[in-house]
Amino acid sequence: MDSIALPIQRQFNPYSENGGTILAVAGADFTVIAGDTRQSEGYSIQTRYAPKVFRLTDRAVLAVNGFAADGNMFVKKVKQRLEWYRHAHSKDMPIRAIARLIQTMLYARRFFPYYVYNILGGIEEDGTGAVYSFDPVGSHVEPPPHLRFFADIYFKNQQPAQGTSHPAHLPLTTVLSIVIDSFTSATERHIEVGDGLEMYIVLAKGRDVQGLEGIRGAQELTVTDDGERVFVVQRDLKKD
C-alpha cells in the first residue's frame, strides 16, 4: 500500500511576545509612568533587567511593551526625531506634538508594524498631567483629563460618603501606593511580570516635591533648572 506523505509547512514569524506590563496615571500637575523590568519568552526569563520606560524629555516619558526588539528600536527612532526637532527649534517638542509624532510613525509602519503597545505620559503646556496610549498601528486614545486608567478600578465598588463625591485627582502619594500595590499583585499572578519596578514621576513646572520626600531612592533626571522635573524610583519585585 502506498503511503501518503503529509504536506510540510514552513512558517516565519518575525515577532515574539516578551511579557511584562506598563501603566501610567496622570494627576492635576504630575504624571506617573511605570513598568516592570522582566523580559521573558514563554517560561524562559531572558533577562531580569530590560527597562520598558524611557525618558524622552523633561516633560515626556514613553513606556513600551510587547516585542522587546521592536520596542527598543522604536524608542531609538523617536529619540532621534526629537533630537532633530531640538536642533531645528532650540526647544523640546511639546507632549501633544510627541503624541502625534508617535501616532504617525506607527501608522507609517502599519503593513509591517512595530509590535509594541505604547503609553506616553508627561506634562501638557498648561501644566496638567497627560497620558496618551497607542496600539501597534498607531490607533490613539486620549483619556479624559482626570485620573487615567485606574479610576474605574479604584472607584468601581466604592461609594462616596453622603454629601461628598469622588476626587477628580488623587494625591501623588496615593498614586504611587496604588502603582506599587498593582505591580506587586501582578507579580503574584503572572509569571511574565517581576524582578524590578521602575516608576518615572514627571512634575509640572513650579510644583514642589511634596509626596516624594518619603520615597526611598528617588533620583532626579532633570537636565534643565527652570522647567518640569523628572524623577525615577526603583523597587524590587519577586524574582521567581
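In helix H4, the buried residues are Leu 172, Val 175, Leu 176, Ile 178, Val 179, Phe 183, Ala 186 and Thr 187. Viewed down the axis of H4, these buried residues fall within an arc of 165°, so they line one face of the helix. The structure described here is a predicted model. H4 covers residues 172–189. Its 18 residues should span 26 Å at 1.5 Å a residue, and the C-alpha atoms at its ends are 26 Å apart, which agrees.

Helix H1 runs over residues 68–89. It has 22 residues and reaches 32 Å from its first C-alpha to its last, close to the 32 Å expected at 1.5 Å a residue. Buried in H1 are Ala 68, Asp 70, Gly 71, Phe 74, Val 75, Val 78 and Leu 82. Around the axis they cover an arc of only 150°, which puts them on the same side of H1. Lys 76, Trp 84, His 87 and Ala 88 are exposed on the other side of the helix. The buried residues of H1 pack against several elements: strand S3 (39–41), S5, S6, H2 and S7. Just after H1, Ser 90 takes a positive phi of about 60°.

Asp 70 is a charged residue on the buried list of H1. No salt bridge is found for this buried side chain. The nearest side chain of opposite charge belongs to Arg 109 and is 5.7 Å away. A salt bridge requires a nitrogen and an oxygen within 4 Å, so a pair at that distance does not qualify. Asp 70 does have a polar partner: a polar atom of its side chain lies 2.9 Å from the backbone nitrogen of Tyr 115. Beyond its neighbours within four places in sequence, Asp 70 is in contact with Tyr 15, Pro 113, Tyr 114, Tyr 115 and Val 116.

Helix H2 spans residues 95–108. Its 14 residues should extend 20 Å at 1.5 Å a residue; the end C-alpha atoms are 20 Å apart, which agrees. The buried residues of H2 are Ile 95, Ile 98, Ala 99, Leu 101, Ile 102, Gln 103, Met 105 and Leu 106. H2 is also one of the elements against which the buried residues of H1 pack.

A search of the whole structure finds 10 salt bridges. One of them joins the side chains of Asp 36 and Lys 52, at 3.4 Å from N to O. This pair links distant parts of the chain, 16 residues apart. Asp 36 is in strand S2 (residues 30–36), while Lys 52 is in the loop between strand S4 (44–47) and strand S5 (53–57). Both Asp 36 and Lys 52 are buried.

Another salt bridge is formed by Glu 228 and Arg 59, whose closest N and O atoms are 3.5 Å apart. Here the partners are 169 residues apart and again link distant parts of the chain. Glu 228 sits in the loop between strand S11 (219–220) and strand S12 (229–236). Arg 59 sits in the loop between S5 and strand S6 (60–66). Glu 228 counts as buried, at 11% relative accessibility. Arg 59 is buried too, with a relative accessible area of 18%.

The side chains of Arg 96 and Glu 124 also meet in a salt bridge, at 3.5 Å from N to O. Arg 96 lies in helix H2 and Glu 124 in the loop between S7 and S8, so the pair ties together parts that are 28 residues apart in sequence. At 47% relative accessibility, Arg 96 counts as partly exposed. Glu 124 is buried, with a relative accessible area of 10%. Elsewhere, salt bridges that share partners join Arg 38, Arg 48 and Asp 195 into one network.

Glu 125 is placed in the loop between strand S7 (116–123) and strand S8 (129–134). Glu 125 is exposed, with a relative accessible area of 65%. Apart from its neighbours within four places in sequence, Glu 125 is in contact with Arg 59 and Pro 94. Glu 125 and Arg 59 are 66 residues apart in sequence, yet their C-alpha atoms are 9.1 Å apart in space. Arg 59 thus has a contact with Glu 125 as well as a salt bridge with Glu 228.

Technical notes
Residues are numbered from 1 along each chain as its sequence is written. This is a predicted model: local features need pLDDT of at least 70, side-chain atom pairs count only at pLDDT 80 or more; totals for chains, interfaces and linings use all residues. Side-chain values use heavy atoms; hydrogens and water are left out. Helices (H or I, at least four residues) and strands (E, at least two) are DSSP runs, numbered from the N terminus. Buried means under 20% relative accessible area, exposed over 50%, partly exposed in between (1.4 Å probe, protein chains only). A polar contact is a pair of N or O atoms within 3.5 Å; within protein, one must be able to donate a hydrogen and the other to accept it, and residues adjacent in sequence count only if both atoms are side-chain atoms. Contact means heavy atoms within 4.5 Å. The expected span of a helix is 1.5 Å times one less than its number of residues. The arc is that of the directions from the helix axis to the C-beta atoms.
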